[in-house]
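Here is a brief report on the fold of one protein chain. Take a look at the structure before reading on.

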Amino acid sequence: MSKKLHLISLGCTKNLVDSEVMLGRLKDYALTDEVSEADVILVNTCGFVSAAKEESIRVILEASSRRKEGALLVASGCLSERYRHQLLEEMPEIDLITGVGDYDKIDELIAQKENAVFSPKVFLSDNHQRVITGSNIHAYVKLSEGCNQTCSFCSIPSFKGKLHSRSIQSVLKEVEQLSLQGYQDVSFLAQDSSSYLRDCGEKNGLIGLIQALEEQNRVKSARILYLYPTTTTLELIEQIANSKIVQNYFDMPIQHISSSMLKRMKRGASKDRHIELLKAMRETKDSFLRTTLIIGHPQESDEEFEELCEFIEGFRFDAVNLFAFSSEEGTLAHQMDGHIPSKIINARIATINKIIQKQQQEHRKHNVGKVLPVIIEGKSEVSEYFYSARAVQWAPQIDGEILINQIAIDGVTQLPTGYYQARITETKGEYVFAEVVGVGI
């Protein structure tokens, strides 16, 4: 009888890719959803901000309290890398600990029951066998690890290091392997995707990848996550707009719009440059724009926050992530004077969130009557009477769900995983309903 493994993957989708690599290395284990049944409990931690660190520690302690006698508790990932010494000294619940450089050695570490030596380089997949989770049609592909940016608030370079890109050939090989397994929709990931291959002296690496992806023609749809303002160009936007595979999906975290705040955050690009790029994205046909904002960075004045609110209200993104500033040790912002009280940060978040929620409601109503290409992956968790779909443009899980409650195709009664055409019929609050009117992208 094979031993059982329980995996808990925390944090971002980049972490999920690493978890899938570890599942590939541990394929001899039978997966179990029950912590109490597992012989090995593997927690791939997140250590990006304070809330994520707290969640990782809580999950480790909960898993330890529920494990059976003799079960091995393994902690890997960003929290382990960033706080290895503290975890080894203060959390005896952890049996094995490894960081961000040894995902491909996890089977050996568990077999030997030895902690990793914490490789000096972060792990970057080069077509390691993965076990894709959560989808039969979509997979994430990581382009690079690390980051060369110097944002005042970000701790990632301190434990992920400088930018380290995969080759285009390596990426294409993984895309081909995924397509042979039936995966036709891909999301490309990195801390800073628009800097892809700049560590190798190539300024237009992402453009080259898109062109190569078109020539390869192995997947039907793709999108690129996490563009950075200083390395995103008008030429890149045009390349995405002209691609038949890469969707007109622009995910560029701007964090703020005030020139003084952008400078304080060490973002590297001016307000005018942000607006130039955003307008080019918006003017792209059928574009979808997502961004991220940090509220309450040290020294953010009422006037700077109001400037941000006015911009968001006027520009109208399709999707916005809001984050309260988290003061992370080792960052420039952590050492700054003028930290904003949490009460003020929460009030500012509530203010800007009202603007965003109103826009989202209007956006959903605006789509009623439109026919969109969608991907259906099964029944919705909302109800077994609905199929769960997302627009092909959208990224999984973060950009919403379309509930399919009607099939307007003669003779069709079931909707297996795949591409369809759906007409949006109505919205109720945050819910969007649609009927399938055709098959294919």
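## Helix against helix

Contact here means heavy atoms within 4.5 Å. By that rule, Ile168, Val171, Leu172, Val175 and Glu176 of α7 meet Gly205, Gly208, Leu209, Ala212, Leu213 and Gln216 of α8. Sorted by class, this contact holds seven nonpolar, three polar and one charged residues. The model is predicted.

Helix α7 covers residues 168-180, and helix α8 covers residues 205-216. Their axes lie 10 Å apart and make an angle of about 40 degrees. The crossing of α7 and α8 is right-handed.

## Domains

The chain is divided into domain 1 (4-112), domain 2 (138-366) and domain 3 (368-439). How far apart are the centres of domain 2 and domain 3? Taken over C-alpha atoms, 27 Å separate them. Domain 2 gives 21 residues to the contact, and domain 3 gives 17 residues.

## The open parallel sheet

Five strands form an open sheet. Their order is β2-β1-β3-β4-β5, and the pairing is parallel. Which strands lie at the edges? They are β2 (30-31) and β5 (96-97), and each pairs on one side only.

Inside this sheet, β3 (residues 40-45) runs parallel to β4 (residues 72-77). Six bridges join the two strands. Isoleucine 41 has leucine 73 of β4 as its bridge partner. Helix α2 (residues 50-66) packs on the sheet and touches β1 (4-9), β3 and β4. The direction of α2 makes about 175 degrees with that of β3.

## A β-α-β unit

Strand β12 (residues 288-295) and strand β13 (residues 319-324) run parallel, joined by six bridges. Isoleucine 294 is partnered by phenylalanine 323 in β13. Helix α12 (residues 302-315) completes the unit: β12, α12 and β13 make a right-handed β-α-β unit.

## The closed barrel

Now to the barrel. Five strands close it in the order β14-β15-β16-β18-β17. The pairing is mixed. From one strand to the next, the twist averages 55 degrees.

Strand β18 (residues 431-439) shows both kinds of pairing, running parallel to β16 and antiparallel to β17. Five bridges join β18 to β16 (residues 402-407). Here glutamine 406 has glutamate 435 as its bridge partner, and isoleucine 407 stands opposite valine 436. In general, the strands of a sheet pair through backbone hydrogen bonds, in either a parallel or an antiparallel way.

## The hairpin in the barrel

Eight bridges join β17 (residues 418-428) to β18. One of the pairs is tyrosine 420 with valine 439 in β18. How many residues stand between β17 and β18 in their hairpin? There are two. Glycine 429 is in this turn, with a positive phi of about 65 degrees.

Note on methods. Residues are numbered from 1 along each chain as its sequence is written. This is a predicted model: local features need pLDDT of at least 70, side-chain atom pairs count only at pLDDT 80 or more; totals for chains, interfaces and linings use all residues. Side-chain values use heavy atoms; hydrogens and water are left out. Two strands pair if DSSP finds at least two bridges between them. Helices (H or I, at least four residues) and strands (E, at least two) are DSSP runs, numbered from the N terminus. A crossover is right-handed if, with the strands pointing away from the viewer, the path from the first strand over the helix to the second runs clockwise. Axes are lines fitted to C-alpha atoms, for helices over the stretch in contact, and angles run from 0 to 180 degrees between N-to-C directions. A crossing is left-handed if the near helix is turned anticlockwise from the far one by less than a right angle, and right-handed if clockwise. Ala, Val, Leu, Ile, Met, Phe, Trp, Tyr, Cys and Pro count as nonpolar, Asp, Glu, Lys and Arg as charged, and the others, Gly among them, as polar. Domain bounds come from an automatic or database domain assignment.
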